[in-house]
Amino acid sequence: MLFNSYEFIFLFLPITFFIYFYLNQKHLTELAKGFLVLASLYFYSFFSIINLPLMLISMVFNYTLGKELSKYIQKKRKYSKKMLLVFGVITNLMLLGYFKYTDFLIFNFNRLLDTNMPLLHIALPLAISFYTFQQIAYLVDSYRGETKEYDFLNYAVFVTFFPQLIAGPIVHHSEMMPQFAKMKNKVKNYYNIALGLFIFGMGLFKKVVIADTFAVWSNMGFDAKDALSMTEGWISSLSGTFQIYFDFSGYTDMAIGIALLFNIKIPINFFSPYKAISIQDFWRRWHITLSRFLKDYLYIPLGGNRKGEIRTYLNLFTTFLLGGIWHGAGWPFVLWGILHGGALVIHRFWQKLGFRMNKFLAWFITFNFINITWVFFNAGLNGGNFSAAKKVLKGMFTGEIVIPDSLKELMLGTGKWLNLYQGESYIFIWIIMAFFLVLFFPNSMEWRKKFKLNFFYMICTVLFFLAIFILYRKSEFIYFNF
Amino acid sequence: MNAKKYLKILFSIFTLVVFIAIGYVVYFTKHYPLPITSRISFDAKLKFVREYIDVDKIDTIIVGSSIGLNNIQGTYLESVSTKINGVVNLSVYEATTLEAEQLLELRTAFPNLKRMIYSAQYSDMPHPYTYEDYHPKILAKYMAHELNFFSWLKVVFDASKNIPFLINRQREWKEKHTYNNLFTYLGFDISGSVPLHIYGKDIIQHRWKNPQPNIEHPKSFEALDRMAKIAQKEGLYFYFAHQPYRKPLYEKYVRVSEAIKYVDQRSDKIFAPYSKAKLIRLQQLNMSDEYFADRTHLNDKGSIITAKAIAKFIDNNEK
């Protein structure tokens with residue numbers, strides 16, 4: 001069941017909302033929590049019931065291990081606390097690795113050694129990357145003694161809470177579990193409902209109206225059989241760049257909005273990433289909860305910046321390489337990770353040297369770097385081979401320069417204008433508008449702060465919700481692939 | 001404003017908007033074809049059959065592309081023939097042979113069916129395209145008013161999800177589909193055929209002068225074979241009305257005459273094992289340019305001539 005579907009908006013969400021608060025109103029708070037877990041499991045099963053047992057096993061395993069870690073007393077045990085943690089983390093990573101990377105490894109093994117080992121064609125269980133990361137963080141924090149006494153029901157709500165279950169944000173137990181425990185949050189809060197609907201509507205609009213429109217043009221370019229002209233190359237890459245942003249941030253807004261209906265505040269995941277003026281700035285604004293996870297549970301344990309300059313560069317690079325691989329099993333994702341890791345190393349070195357750059361130029365370089373690297377990311381999504389990326393990049397930088405018919409008399413040029421896009425010149429208006437939105441418009445979190453109970457926000461909410469009248473394209477969210 | 005009042009007003013507006021949308025869909029359903037399929041002429045045909053055709057009275061269906069819609073006037077077929085009592089033309093613009101085969105799957109809507117006519121030209125055969133996401137059983141029941149309320153509601157709901165598309169279709173309907181001097185005309189006669197009134201300056205010169213390439217996909221002939229086989233199996237007559245080409249083009253361009261002869265020969269071979277399948281060679285009518293709207297589409301005068309010829313052929317065949 002997608003957030004952008006009628007069954008979710010008109011059935012699942014209102015029914016879950018009303019039953020949850022009805023049970024709380026009757027002081028059946030534990031039952032309400034249990035109901036929320038069941039509703040979340042039903043929500044998950046709607047996508048893939050086959051993978052439900054896997055998620056449940058993972059949840060029970062990590063909860064048990066986490067409890068063991070937090071109550072650990074050395075004297076009574078044969079194994080050390082660290083061993084227990086390593087066992088837990090490795091089991092989680094092996095589970096993720098088996099489902100996500102086995103075929104990729106076999107494929108490359110066959111290519112490298114010219115063998116013919118059959119692929120296993122393992123389907124990736126939905127949300128596995130997200131719930132595995134959340135639970136690894138829980139284990140590490142249990143090891144560090146940073147977790148409190150939580151019962152299984154609380155833990156189950158933290159892992160399965162349906163707004164963030166499928167594609168994040170990657171939430172931390174310390175920011176979620178206390179919220180579920182708070183009595184104040186068990187009572188309907190009309191302000192939160194109004195705000196939640198506003199944020200959800202904004203996300204719905206971003207996904208259905210903007211992202212899905214750019215998806216068509218992006219796919220046209222990446223799937224095209226023929227070479228692309230320069231204009232077509234740039235339209236494809238920019239469409240892909242805007243699609244990814246509006247798709248994922250739209251999803252996050254919807255998740256934040258839904259959670260608010262239940263009085264739960266999910267952490268922000270985006271903060272105008274395309275306004276970034278450096279690659280470091282970009283990663284502070286893009287998929288913030290993933291960056292936070294990578295920093296806290298990978299970069300810092302690797303030594304962070306505490307072990308000398310060279311080691312810092314290496315840690316930074318390794319973190320982003322692994323971040324790239326986390327996104328998917330394919331060489332384009334690996335290259336994407338390498339490019340971002342490399343760019344962060346260069347940026348850090350540049351800062352070290354004390355160089356400065358004009359803000360506009362810095363934005364221009366950053367945006368173009370991101371746009372170009374998204375081409376590889378998109379190729380990863382489109383089957384994982386480089387040929388699509390090569391075709392788009394070739395079009396962008398060496399493609400034929402084609403002039404519109406109306407300007408041909410004034411300028412030199414040949415060929416058909418926007419052949420691939422059947423002359424739909426309003427693509428440019430969309431691209432300009434998208435630039436305007438991402439560069440000059442407040443982001444959804446800024447809107448959240450500004451939100452007031454007045455007619456302006458009411459009308460905006462209604463306008464956003466008009467997107468329900470174009471829900472004919474049942475398109476999944478990009479990050480469901482991870 | 002307090003939050004409770006804010007939400008009350010917000011939900012009132014939501015409710016109003018939803019009711020306006022439902023009202024618009026009801027209005028649209030009454031006046032325009034709902035986008036149930038991917039083709040407007042198909043949607044228009046579903047609406048037409050549902051509203052005007054008594055499915056029990058139909059014993060003959062015509063399928064095909066625009067060559068099926070424009071080149072036979074079902075009303076004349078019905079009035080001239082002694083064998084045919086009720087005709088409905090189910091043809092859809094741009095239908096390939098494989099899509100025409102899919103259209104024949106709608107025959108379940110007509111319980112007293114006796115014969116099926118596929119009206120086509122070689123130019124319908126170059127591509128093996130088929131309708132995707134096609135549910136003939138549901139469509140047949142929809143046409144015949146046999147869907148239960150919830151199934152009907154699902155069809156209508158799925159078709160009306162995209163309100164901007166409905167608004168756009170409403171806007172385009174008048175300018176594109178209501179003038180009989182356009183090839184996009186969708187004004188059906190009482191059998192569902194579309195007689196074209198394209199003469200003089202309305203004739204599109206490049207379509208008049210230039211013949212189509214001689215390309216026929218092997219899958220088109222396989223589809224023809226399957227259509228004949230199904231008809232035979234179900235005890236129905238199957239007629240392939242091979243429509244005429246403009247005589248000057250037929251005589252001037254070898255590729256046209258070769259294509260028509262090739263399709264005739266292949267069809268003869270395909271139909272040989274089936275006693276119920278017959279080829280009707282309409283090129284032999286030697287129709288003059290007076291009856292053509294372009295190289296292969298007939299005007300309203302021409303489609304009467306072919307209807308009469310087909311009726312005569314059927315009467316002789318079914319003696």
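The exercises below, each with a worked solution, treat the interface, the cavities and the salt bridges of a predicted model.

Because the model is predicted, local features need pLDDT of at least 70 and side-chain atom pairs count only at pLDDT 80 or more, while totals for chains, interfaces and linings use all residues. Residues are numbered from 1 along each chain as its sequence is written, chains are lettered from A and ligands numbered from 1 in the order in which they are written, and side-chain values use heavy atoms, with hydrogens and water left out.

**Exercise 1. Describe the interface of chain A and chain B, from its extent to its composition.**

Begin with contacts, taken as heavy atoms within 4.5 Å: on chain A 22 residues take part, and they meet 19 residues of chain B. Next take the buried area, which is the accessible area (1.4 Å probe) that two parts lose on being put together, summed over both; for these two chains it comes to about 1,800 Å², with 83% on carbon and sulfur atoms. On the side of chain A, 34% of the area buried against chain B is supplied by A:Leu453, A:Met458 and A:Phe469, more than by any other three residues.

Then assign these residues to elements, where helices (H or I, at least four residues) are DSSP runs numbered from the N terminus. Helix H9 (190-223) and helix H20 (455-465) of chain A are the elements that give two or more residues to the side touching chain B, and H20(A) gives the most, with six residues. By class, this side of chain A holds 19 nonpolar residues, two polar and one charged, if Ala, Val, Leu, Ile, Met, Phe, Trp, Tyr, Cys and Pro count as nonpolar, Asp, Glu, Lys and Arg as charged, and the others, Gly among them, as polar.

**Exercise 2. Locate the largest cavity and characterise its lining.**

A cavity is a set of points on a 1 Å grid over the protein atoms alone where a 1.4 Å probe fits but cannot get out, and lining residues have an atom within 4 Å of a point. Grid points are joined across faces, edges and corners, and a volume is the space filled by probe spheres set on the points. The search of the whole structure finds three cavities of 30 Å³ or more, and the largest has a volume of about 60 Å³. Its lining has 14 residues, of which A:Ser249, A:Asp253, A:Phe270, A:Ser444 and A:Met445 are the closest to the centre. Two or more lining residues come from each of helix H10 (230-261) and helix H19 (444-450) of chain A, and H10(A) has the largest share, five residues. The classes are six nonpolar, six polar and two charged residues.

**Exercise 3. Count the salt bridges over all chains and examine the pair A:Lys207 and A:Asp247.**

With a side-chain nitrogen of Lys or Arg required within 4 Å of a carboxyl oxygen of Asp or Glu, the count is 22 salt bridges over all chains. The side chains of A:Lys207 and A:Asp247 form one of these, at 2.7 Å from N to O. This pair links distant parts of the chain, since A:Lys207 lies in helix H9 and A:Asp247 in helix H10 of chain A, 40 residues apart. Across the interface of chain A and chain B, by contrast, the rule finds zero salt bridges.

Conventions: 1 Å grid on protein atoms, 1.4 Å probe; cavity = no way out; pocket = protein on both sides within 12 Å on 5 of 7 lines; lining within 4 Å.
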